[in-house]
Amino acid sequence: MDTVTTTVTKETSNQAPQFVIKYASSAVELWYGFISFIETIPGGQIIINYIKASHKNDPWRTLLELLLALLAIRYFLASKYSQDESEKVKLSKREVDELIDDWEPEPIVPAVRQEERWLFDAIPAIEGAITKHVNVVEPKSKEIIYDVLNMAGRDFLDMNTNELVKSSAIKTITECGVGACGPANFYGTQDVHVRASEDLARFLGAEKGIVYGQDFCTATSVLPCFLKRGDIAIVDDGVSLSLQKAVMISRCSIEWFHHNDMDHLESILESLQEELQDGPLNRRFIVTEGLFENFGDSPDLARLVEIKNKYKFRLALDESYSIGTLGPNGRGLPEAYGIPRTEIEMTIGTLANSFGSSGGFCVGCDAMIYHQILSSNAYVFSAYIPPYCASATSAVINLLEASEKPGEINPLVKPLQENIALMSSLFRNSSKLADLVSVRSSDASAVMHIRINPALRKSLDLPEGYGGPGSQIVKAVKNGHETDYFDREYNTECYILQLIIDQLLNSKVLLTRSKRILHHEVLPCVPELIIYLNSGFTKSEIQSSFIAIEDAIYQNLSTLTYKSFDQISDSLEFS
Amino acid sequence: MREIYTPNTVPNAPEENLTAEEKEDLEFGKLTSTDHLYVAKYNQNEPLPTPILDEPPYYIVIFTYLNYLILIIIGHIKDFFGKRFMPQCFDAVMPKNGYPPWYSAFESFYPRRLKKRLDDCFARPIHGVPGRYVRCFTRFSNDYNQTFHYDGGLTPLLNLSSYNYLGFAQSMGVCTRDAIEVVEKYGTSSGGPRNVIGNTDLHRDTEKVVAEFVGKDDALVFSMGYGTNAHLFTSLANSKCLLISDSLNHGSIRFGIRLAGAAVKVFSHNDMDALEKILRESISQGQSKTHRPWKKIFVCVEGLYSMEGNLCNLPKLVELRDKYKFYLFVDEAHSIGALGEHGRGVCDYFGIPPSRIDILMGTFTKSFGAAGGYVAANQDIINRLRLDISTQCYGESQPPPVLKQIATSLRIIRGDLNGNEGKERLGRIAFNSRYLRLGLKRLGFIVYGADDSPVIPLLLYAPAKMPAFSRMMYEQGVAVVVVGYPATELISSRVRFCISASLTKEDIDKILRVVDVIGDKLYLKFSSGIAGGEVHPGDYKKGIVPRWNIEDVLAKTPEDCKGTMY
């Protein structure tokens, strides 16, 4: 009886384990199959031995490694943006639809304010060619004022209507048509393009040159080729907008030195020294301009070159305004200082000013130019400049070189430099203007920058500069408040300068003013009257225009008081 | 009398004594039959012509990767030994006197080790009009493309490489005559930025013509197409705005977006569902972290993608725009002039009023034989942009001859000048594009893009086939552009045919014959038929691949390509 019960219990108790054993045995079979499969793989035996050994020594380690493997798998399977996912609010489809219904975007651009309307009329409408004399449409009456002296154009050497330049452009158009019809790397390069870059390099004394389609795009495309994350740029804090954007888009680390202050530059370099010597050999640049777009002055190049050589920095120099205007042959700031171009590692410039054409360029050593051919955005992703622009540039350079005489000032540049000297001496010696305006530019600058006298500005309670770090505009930009991209005082000060310009139009003189857009600029700016000089002006034209300018400035600024300034602001608002 | 020039110096063009007829024939072929015209217009009753991508066989993909692997390994071996035994060849990438190199060896590995091998296929210097024929300076290299030697001669090649969709790259005819007149009257330069001085009657006139042409209130013109996009977005968006960009948008849009500092999201190329998903999520979630609503959302697409030949899905985009209230930016760099019944771009092609697109941007390089770009929009938008785009105040304005070329060519397209010439040009490019595309499909090539697109990319895959194809075509007298990584995905190297109205049907016949032979030699015919080219409709489903012989293609395709279903 006993035995029977025991066998029964044995049988019943064995029933379940047998079921388990069946599965366990198949699992074991699978496991051995897996192991033997791994063994057949070359090197599989080694792995198994390794796992066996490690398990024997430290069984916990197997568990730990298993966990690690699971973690790794989870990591790879997880969404790339898992961090964002956790931040997201869970919403039902209906809620999403309601939110979409509810969302109202701001207008695509802020509407033009009443106070800004005058800016449209302030864009001079020209009829016909832009030469040293232009025909301007009077904004109110729409009547054409003929033969206005053009002191607003950047064609410093009066090359735009030079017959030789024109005929060379026409020759190219009759051979090659107008457009280049392709990027430089894809059948867009004509022989005249190659000639132009060779001519530029030869004229400026560099190894090689490269031509771009637009001046404003050149710096923003060239500098980011050589400045990447981890590289360093030490930048003058008065550089033009395109250089500001160029260094900022390149994601390198940026240090700003005080405008033209070589001591400050050196102190920055000195303070960086330790860090630089220990760190990797990154690319280091000093970025400045030959003749500043915003001030009309130049850095002390001799000192600059000495400093950059001492600290082994490279110099990137924007010579958009200095080429053609500075130096006995118009070769720019280095020629004025007697420094060879090879000392300036990278020169950026424009073909649209002194070269009477359109486009931008960069010259420097072979390796630098070669790198741009493949990695400079504006060169790779864009059609090449029209061939006739290239041949016009070559024609201007050939003209300049042909009239060059050793030891003398180039006769094509000389009248310009004389005009500059004359105009700036007239301004410096004017007692009538002494308390009203101050000339910010240097005496050699072809672009005269005239500001309202600092004392007068102070009495009007105007800030030292508009925009720039910490200003209302910068805050508005940061917070995306586009309707606040407006500074009442800046607008009024610009308008007062425009009144001078408008008045001068009746005296047949066309000036301009700095048309800087505050919310694009990173650095502070002050409104200025700007006079562009031209080699084509005669002495008497300069003298008579100065009298008119003096008069207009006097009439508009001498009566200016804090109260009248405010009234002008109000009148703009409610006109 | 050909003298051998010093290496690396492109010679001046030789003196020419072509007659006017010869020159005209080189620039713009005469239409041989009115049968070779077509009107490119999307039939609204049909489903959207979404191009179907054909996949290459697996062995081609593997072979392509292997190709790159070998190239990369050999490159590294060369670098390793070269730096040790021939340091003089590595000057540019080695630090010198305490100065870092201009570019690192790693950064320049691709151009030095891969692209250098096919440098002879790029930047071939030319002389003269890149019209129906482009004339390249004959050159050769003895040292694997380190230096090129020129013999001073020119080789005329049938031109499938230039952006000359409507054939306005000409040195004769009314456009050129006008441009020359303008040089005489206005000179070569515009003297400064638009808002300072460079605002002549020509600028105002051209803007008016452009605005009318694209169907907007007003337009702004700029001297460079790339620069138009590069500095546009900073005036539209700020850090509290969202820009949603197609993954294959052009470099200039990407640069402009980066410069704007706005938040960016990318949707995969032409994937409208992905776009909608991003839109729903972005609007409902708002800005990251703060969850405040976005101030503005822009969707940036191109009308015609220059590497794929695809059109944007405009009907769907404007539908989404109505629903989600975003602002739509369409870059018509390649489509303006080249697409639509009247050549007015994608809006014209799809029959969608331009008012349903907020900002239309385009360039003048491609269809008008000029240079530069435009932005067109409603009056209040342009008013603000006129004061606000940085190029307007800081950069040079359009030079006069270019403006005149634009205005005159636009008037021809509109039919105001030269009677039917504009219509003929539009008809020719539409026919040429469809003919070559269908011909290539029937021969068995994998071709990307929409039926009416004048950009026809033919897939080569293996990198070694790029220079081979380009050189063989050169030998047969056809100029083509080959593109590979990084402009395309690593494996999808391609040759890009840019069709022009200046080509005749007989030119396309010749091209098809040449490509047919080279395609066999290089083993390029591996299409499955999914993207078209079947002998009988439904062949693909039966597993029959399209491999027509060249004579049948030439005989039947000119008529068949006009059909709606091919």
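Which residue of S3(A) stands opposite A:Val134? In this predicted model, where local features need pLDDT of at least 70, side-chain atom pairs count only at pLDDT 80 or more and totals for chains, interfaces and linings use all residues, the partner is A:Val148. Residues are numbered from 1 along each chain as its sequence is written, chains are lettered from A and ligands numbered from 1 in the order in which they are written, and side-chain values use heavy atoms, with hydrogens and water left out.

The strands around this pair come next. Strand S2 (residues 133-137) of chain A runs antiparallel to strand S3 (residues 144-150) of chain A, and four bridges join them; two strands are taken to pair if DSSP finds at least two bridges between them. Strands (E, at least two residues) and helices (H or I, at least four residues) are DSSP runs, numbered from the N terminus. Six residues lie between S2(A) and S3(A) in their hairpin, and A:Lys142 in the turn has a positive phi of about 65 degrees. S2(A) also pairs in the antiparallel sense with strand S1 (residues 125-127) of chain A, over three bridges. There, A:Glu127 faces A:Asn135 in S2(A). The hairpin of S1(A) and S2(A) has five residues between the strands, and A:Gly128 takes a positive phi near 90 degrees.

Further along chain A, strand S12 (residues 447-452) is mostly covered, with six of its six residues buried, that is, under 20% relative accessible area (exposed is over 50%, partly exposed in between; 1.4 Å probe, protein chains only). S12(A) is paired with two strands described here. Strand S11 (residues 437-439) of chain A is antiparallel to S12(A) over three bridges, with A:Val439 opposite A:Ile450. Strand S15 (residues 529-532) of chain A is joined to S12(A) by four bridges, also in the antiparallel sense, and here A:Met448 stands opposite A:Ile531.

Turning to chain B, B:Gln392 lies in helix H12 (residues 390-394). B:Gln392 counts as buried because its relative accessibility is 1%. A polar atom of the B:Gln392 side chain lies 3.4 Å from the backbone oxygen of B:Arg386. Leaving aside residues up to four places away in sequence, B:Gln392 touches B:Pro193, B:Arg194, B:Asn195, B:Leu220, B:Val221, B:Phe222, B:Leu385 and B:Arg386, where contact means heavy atoms within 4.5 Å.

Elsewhere in chain B, the span of residues 58-77 is 100% helix and 0% strand, and its end C-alpha atoms lie 29 Å apart.

Terms used
A polar contact is a pair of N or O atoms within 3.5 Å; within protein, one must be able to donate a hydrogen and the other to accept it, and residues adjacent in sequence count only if both atoms are side-chain atoms.
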